[in-house]
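Here is a set of exercises to work through with the structure open beside you. Try each task before reading its solution.

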Amino acid sequence: MATILDVERESGVSKSTISRFLNGKNVTESNRVKIVAAIDKLGYQINPLASGLKTNRTNTIGILLPDVTDTFFPPIIKSFEEVLTQKGYSVILCNYQQDVKLEKQRLQFLAGKRVDGIIVASSSKTGEHIQTLLDNKVPVLLLDRQIPNLECDAVIVDNEEATYRATKVAIQKGHSKIAFLRGPDFEYTAVERYKGYVRAMTEAGLEIPDEYVVQGDFVRYSCKNKFIDLMRIANPPTLVMAGNIYIAIGVLEGIVESGMKIPEDLSVISFDDYTQVPVLKFMNFILPKFTCIKQPIEALGRRAAELILHRIEGEWDEAFVPEVVQLRTSFELTDSVKDLRK
């Protein structure tokens with residue numbers, strides 16, 4: 001079995017520098033490349049238990065997600081794992097199946113594994129279990145969503161502002177009858193996106209009939225029938241906004257089943273770009289492509305990894321001030337939005 005001395009001889013890099021790299025410290029890019037190449041060639045494996053006894057670290061980070069099969073998360077997992085691997089960290093990935101009770105159990109499991117930090121996309125409304133970890137100086141970072149009144153690091157996107165901007169574009173194109181197919185009330189992102197829609201409509205002095213707000217499911221293709229019912233009302237909308245990618249696909253299914261044409265019969269805007277998701281690349285043949293709000297998915301993963309590492313490797317004092325990184329989405333306007341002013 002290869003030792004650190006073997007890595008030193010193979011790489012030409014000093015043992016102390018190799019130790020710094022293995023313990024997640026910064027080294028020069030040239031040394032990092034040499035060390036990684038030597039480790040790969042020799043099949044060297046660090047002993048996390050022995051290392052932890054010396055550094056009080058295990059060089060592992062826990063990732064807790066509501067549904068690892070959700071198409072939103074795999075690109076995030078890939079990007080933050082790339083950053084963590086380069087810093088000598090391993091990842092323990094857990095899934096809690098949208099069950100808050102199971103979320104709490106999984107967090108206890110990760111804490112029991114003595115992970116150095118935890119990244120969690122929580123479904124909790126209160127976060128007492130997360131506060132307990134923070135009180136015990138376990139670095140925790142909230143991914144994609146925040147919890148009200150919980151002082152915790154977070155990496156999110158500008159959900160409310162993004163939907164506000166998109167709704168304003170629709171209004172500027174002459175649309176006043178705009179429906180919003182949203183996610184459930186317990187989803188942080190669903191609530192924030194709905195706020196943006198309401199703010200834009202209210203500012204423009206536009207009415208929001210009750211039937212124009214349709215609640216769907218953020219994790220299943222469940223909105224097709226609700227969309228079809230919406231389009232059958234006496235005064236149907238001219239534009240529909242889909243709250244996330246699953247709702248957008250449900251809308252698309254309803255459009256196909258109803259024989260409607262975009263944008264002649266209906267305009268569509270989607271929060272999420274289905275062409276960003278590898279398993280949905282087949283949808284590129286559908287024209288026109290939906291106008292969409294594009295999330296910086298890979299950047300979410302990178303920033304989450306960088307921020308949790310910063311917290312792990314920094315000094316934890318009593319004057320803890322959480323850092324919230326809000327990434328800006330982008331907006332892609334396509335022919336799926338008809339200009340009613342013409």
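## Warm-up: two loop residues

Q98 sits in the loop that runs between β2 (90-95) and α6 (100-112). Helices (H or I, at least four residues) and strands (E, at least two) are DSSP runs, numbered from the N terminus. Before starting, note that this is a predicted model, in which local features need pLDDT of at least 70 and side-chain atom pairs count only at pLDDT 80 or more, while totals for chains, interfaces and linings use all residues. Residues are numbered from 1 along each chain as its sequence is written, and side-chain values use heavy atoms, with hydrogens and water left out.

**Exercise 1.** Find the sign of phi for Q98 and for N149, and decide whether each residue is buried, partly exposed or exposed.

*Solution.* Step one: phi of Q98 is near 60°, a positive value in a residue other than glycine. Step two: N149, placed in the loop between β4 (140-143) and β5, also has a positive phi, near 70°, and is not glycine either. Step three: apply the accessibility classes (buried means under 20% relative accessible area, exposed over 50%, partly exposed in between, with a 1.4 Å probe and protein chains only). Q98 has a relative accessible area of 29%, so it is partly exposed. N149 reaches 80% and is therefore exposed.

**Exercise 2.** Locate the cis peptide bond that leads into P263.

*Solution.* Look at the step from I262 to P263: omega is near 0°, and the bond is cis. P263 belongs to the loop between α11 (245-258) and β9.

## The whole chain

**Exercise 3.** Describe the chain by its elements, its span and its burial.

*Solution.* Begin with the elements: the chain has twelve helices and twelve strands. Next, take the C-alpha trace, which spans about 75 × 40 × 30 Å along its principal axes. Then turn to burial: of the 342 residues, 51% are buried. Finally, consider contacts (heavy atoms within 4.5 Å). Among those with a separation of 6 or more, 69% join residues 24 or more positions apart.

## A helix pair

**Exercise 4.** How do helix α5 and helix α12 cross, and which residues make the contact?

*Solution.* First, the geometry: the axes of α5 (residues 73-86) and α12 (residues 297-313) come within 7 Å and cross at roughly 40°. Here axes are lines fitted to C-alpha atoms, for helices over the stretch in contact, and angles run from 0 to 180 degrees between N-to-C directions. Second, the class: α5 is therefore oblique to α12, since angles under 35 degrees count as roughly parallel, over 145 as roughly antiparallel, 65 to 115 as roughly perpendicular and the rest as oblique. Third, the residues: α5 contributes P75, I76, S79, F80, V83 and L84, while α12 contributes I297, E298, L300, G301, R302, A305, E306 and L309.

**Exercise 5.** Q86 also lies in α5; characterise its surroundings.

*Solution.* At 40% relative accessibility, Q86 is partly exposed. Leaving aside residues up to four places away in sequence, Q86 touches F21 and R32. Its C-alpha atom is separated by 25 Å from that of T71, 15 residues apart along the chain.

## Salt bridges

**Exercise 6.** How many salt bridges are there, and which parts of the chain does the pair R311 and D153 tie together?

*Solution.* With a salt bridge taken as a side-chain nitrogen of Lys or Arg within 4 Å of a carboxyl oxygen of Asp or Glu, the count is 19. In one of them, R311 pairs with D153, with the closest N and O atoms 2.8 Å apart. R311 lies in helix α12 and D153 in strand β5 (residues 153-157), so the pair ties together parts 158 residues apart in sequence. Both R311 and D153 are buried.

**Exercise 7.** Trace the salt bridges of E332.

*Solution.* Start with K289: its closest N and O atoms with E332 are 2.9 Å apart. E332 is in strand β12 (residues 330-332) and K289 in the loop between β9 (267-271) and β10 (291-294), 43 residues apart. Continue to K294, where the E332 distance is 3.5 Å between the closest N and O atoms. K294 lies in strand β10, so this pair ties together parts 38 residues apart in sequence. Now compare accessibility: E332 is partly exposed at 24%, K289 is buried at 19%, and K294 is partly exposed at 24%. To finish, add D273: a network of salt bridges links D273, K289, K294 and E332.
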